[in-house]
Amino acid sequence: MARAQASVRVLGVDPGLTRCGVGVVDVARDRSATLVHVGVVRSDPELPIERRLAAIAAGLRLVLDEHRPDVVAVERVFAQQNRGTVMGTAQASGVALLLAAERGLPAETHTPSEVKAAITGYGSADKRQVQAMVARILRLDDLPKPADAADALALALCHAWRTGAAASPVRAGVMTPAQRAWRDAERLTRR
């Protein structure tokens, strides 16, 4: 698929050991975005950890090879009650970051609250709100599912908007309400 020169292609990764969400978007200078790919890389919970990580790596390699992103955005691991979940998330996150480095791609991590604020304008938004805004931003007929895949798309969008990877001066009327809220919040932090 050809893409405009003025866009950036971002791979978002919502790391998980059983389900690793992946989403690829093209984001133009005016911050408009187009869906390129969305899916989930899975590993069998019955397999030993090294084989599960190899399965995640193989799935991510396929996405990287097929869609050739310019940058990779990964959800930053945060404290959870379940230590096993944190470990699996951290391990899958490490695989994604390593694969980006092997390809010479810049990679960055974003917390869930950063992503929610960028997409919905509210850092404590629930998963349904994130899915609805991702669908609206990408002009999708249905909510992206499963939630892991929607979160990966949200990560990709957040990264492009937050880092200015596709940014240029934008007329307020072109931005979504969430984009305007994010822009305004960023201005406040620079004062």
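Two residues are taken to be in contact when heavy atoms lie within 4.5 Å. By that criterion, in this predicted model, 61% of the contacts between residues at least 6 apart in sequence join residues at least 24 apart. The protein has 191 residues, and buried residues make up 47% of them. Its secondary structure amounts to 6 helices and 5 strands. Read from the N terminus, the elements follow the order β-β-β-α-β-α-β-α-α-α-α.

A good place to begin a tour of the model is the pairing of two helices. Helix H3, residues 112-120, and helix H5, residues 147-163, have axes that come within 9 Å and cross at roughly 75 degrees. Because angles of 65 to 115 degrees count as roughly perpendicular, H3 is described as roughly perpendicular to H5. On the H3 side, the contact is made by Glu-114, Val-115, Ala-118 and Ile-119, while H5 supplies Ala-154, Leu-155, Leu-157, Cys-158, Trp-161 and Arg-162. Sorted by class, the residues of this contact comprise 8 nonpolar and 2 charged, with no polar residue.

The burial pattern of H3 can be read alongside this contact. Pro-112, Glu-114, Val-115, Ala-117, Ala-118 and Ile-119 are buried in H3. Just after the helix, Gly-121 adopts a positive phi of about 85 degrees.

On the other side of the pairing, Leu-157 deserves a closer look. Leu-157 belongs to helix H5 and has a relative accessible area of 0%. Since residues under 20% count as buried, Leu-157 is placed in the buried class. Apart from residues up to four places away in sequence, Leu-157 touches Val-25, Val-27, Ala-33, Ile-119, Val-134, Ile-137 and Leu-138. One of these, Ile-119, also appears among the H3 residues that make the contact with H5. The C-alpha atoms of Leu-157 and Val-115 are 8.3 Å apart in space, with their positions 42 residues apart in sequence.

Another residue of H5 leads to a strand. Leu-153 is one of the residues in contact with His-37, and His-37 is located in strand S3, residues 33-42. Leaving aside neighbours within four places in sequence, the other contacts of His-37 are with Val-22, Gly-23, Val-24, Val-63 and His-67. For Val-63, the C-alpha separation from His-37 is 8.4 Å, across 26 residues along the chain. His-37 itself has a relative accessible area of 24% and is partly exposed.

The search for internal voids gave a short list. The structure holds 1 cavity of 30 Å³ or more, and the largest cavity has a volume of about 30 Å³. Its lining consists of Leu-11, Val-13, Leu-60, Leu-64, Val-72, Ala-96, Leu-99 and Ala-100. Strand S1 (7-14), helix H1 (49-67) and helix H2 (83-102) are the elements that each give two or more residues to this lining. The largest share, 3 residues, comes from H2. In terms of class, the lining has 8 nonpolar residues, with no polar and no charged ones.

Some backbone details in the loops complete the description. Most residues other than glycine have a negative phi, and most peptide bonds are trans. Against that background, Arg-68 has a positive phi, near 45 degrees, in a residue other than glycine. Arg-68 sits in the loop between H1 and strand S4, residues 71-75. With a relative accessible area of 56%, Arg-68 is exposed.

A second arginine with a positive phi is Arg-139, which is not a glycine either and has a value of about 55 degrees. Arg-139 occupies the loop between H4 and H5. Its relative accessible area is 58%, and Arg-139 is exposed. The loop between helix H4 (127-137) and H5 also contains Pro-146. Here the peptide bond from Lys-145 to Pro-146 is cis, with omega near -5 degrees.

How values were computed: Residues numbered from 1 in each chain as written. Predicted model: local features only at pLDDT ≥ 70, side-chain atom pairs only at ≥ 80, totals over all residues. Heavy atoms only, no water. Axes fitted to C-alpha atoms, helices over the stretch in contact; angles between N-to-C directions. Helix = DSSP H or I, 4+ residues; strand = E, 2+ residues; numbered from the N terminus. Parallel < 35°, antiparallel > 145°, perpendicular 65-115°, else oblique. Nonpolar A, V, L, I, M, F, W, Y, C, P; charged D, E, K, R; others polar. 1 Å grid on protein atoms, 1.4 Å probe; cavity = no way out; pocket = protein on both sides within 12 Å on 5 of 7 lines; lining within 4 Å. Points joined across faces, edges and corners; volume = space filled by probe spheres on them. Buried < 20%, exposed > 50% of the residue type's maximum accessible area, 1.4 Å probe, protein only.
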